[in-house]
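Trainee: Before we go through the assignments, could you show me the model and let me ask how each label is justified?
Mentor: Certainly; here it is.
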Amino acid sequence: MKLRALRWVAGACAAALALTGCTAGISGNAQEGKTMVLSLNQSESHPSYIALTDFGERLKAATDGRWDIKVYPNETLGAQQEVIQLVSDGSVDMAIASGTQLENLNPEFATLNLPTVFKGIDHQISVLRDKGIVGPLFSSLEESKDLTVLGGLSQGDRNLYTVKGPIKEPKDLAGMKIRVQESELHIKMINAMGGAATPMSYGEVYTALQAGVLDGAENNEISYVTQKHNEVAKYVARTRHLVGLDYMLVNSTLLEEMTPEDRAILETEWQKTVDEHVKLWNADTEKAIESAKASGTKFNDVDKAAFDKALAPVVESALTSDDARELYEKITEAAQ
């Protein structure tokens, strides 16, 4: 048995045994058919799970069974920070990780997480596919962490939603406690937009909105509905202040084991996966919006220029190196 398979047995397989029925044979070798283990924090109904499962099926067919992918959803193999380390040491082969997670490994990733950096999903995906823009960043963890960023999946536009009334301009957020992820950048973002940023675990948001501990939160429409936040926060302001991003991480040593032909197939099938994910995401977003409206949610447009102006200092303060500024300029130029 290869060293990688031994590490799998000792690591993630043992942790996931009770929930997945994982066995030592899950990671074979390429000659017999290698099933790569992919960790995901979303459920089986999420666009990411569907698209990634299809990715594995297409990869298996295109390589005549030499490579396959088994997706483990619902953080079965651990939380994102833990799983990133498992991919780094080879215990898990692949993982989807949010953009904020990679900032801890290389601060330059923060540039792709800045508010207003992307004009929309199409702009974001075009940048993620442009190796002239993101190539050096995506390979920056290979030597130190044995991690390769294969690409990214969009989390869609993020908007504000509130309990007591509509938000149309930054001053409307004055004194409002708005939930954010535990990220320094996101805290600065909400404060700049006029609210009082309140870091909180995502699982606590519904109760906090219901009890008045929070006045609002920010997220994409799909999460807004699937987490039932539309039951307690009926006003959505289309601020589109951020386009969220997940990364596909792959153990670099594993990629080196692939033949050039199979590596090319992997890349081709990944790009098809990105396309499928965008279609699924857009369709699910429309369904979520209609569901929210049916439940009584009121959507409204905002003074986008005013919000963008308020966020400009946050963006500027984050561009602390020449590399970050150059990357930001390349991204913004790609939108023109």
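Trainee: Why is E316 called partly exposed?
Mentor: This is a predicted model, and in it E316 has a relative accessible area of 45%; partly exposed covers values between under 20% and over 50%, so E316 falls in that class. Its partner R325, at 28% relative accessibility, is partly exposed as well.

Trainee: What makes E316 and R325 a salt bridge?
Mentor: Their closest N and O atoms are 2.7 Å apart, and the criterion asks for a side-chain nitrogen of Lys or Arg within 4 Å of a carboxyl oxygen of Asp or Glu, so the pair qualifies. Elsewhere, salt bridges with shared partners join R58, E269, K272 and E276 into one network.

Trainee: How do you know that K272 and E269 belong together in such a pair?
Mentor: The closest N and O atoms of K272 and E269 are 3.4 Å apart, which is within the 4 Å limit. Both residues lie in helix α12, three residues apart, about one turn of the helix. An α-helix has 3.6 residues a turn, so residues three or four places apart point the same way.

Trainee: Why is E269 called buried, and what is K272 called?
Mentor: E269 has 7% relative accessibility, and buried means under 20%, so the label holds for E269; K272, with a relative accessible area of 42%, is partly exposed.

Trainee: What makes K34 and D93 a link between distant parts of the chain?
Mentor: The side chains of K34 and D93 meet in a salt bridge at 3.5 Å, N to O, and the two residues are 59 residues apart, with K34 in strand β1 and D93 in the loop between α3 and β3. Both K34 and D93 are buried.

Key:
Residues numbered from 1 in each chain as written. Predicted model: local features only at pLDDT ≥ 70, side-chain atom pairs only at ≥ 80, totals over all residues. Heavy atoms only, no water. Helix = DSSP H or I, 4+ residues; strand = E, 2+ residues; numbered from the N terminus. Buried < 20%, exposed > 50% of the residue type's maximum accessible area, 1.4 Å probe, protein only.
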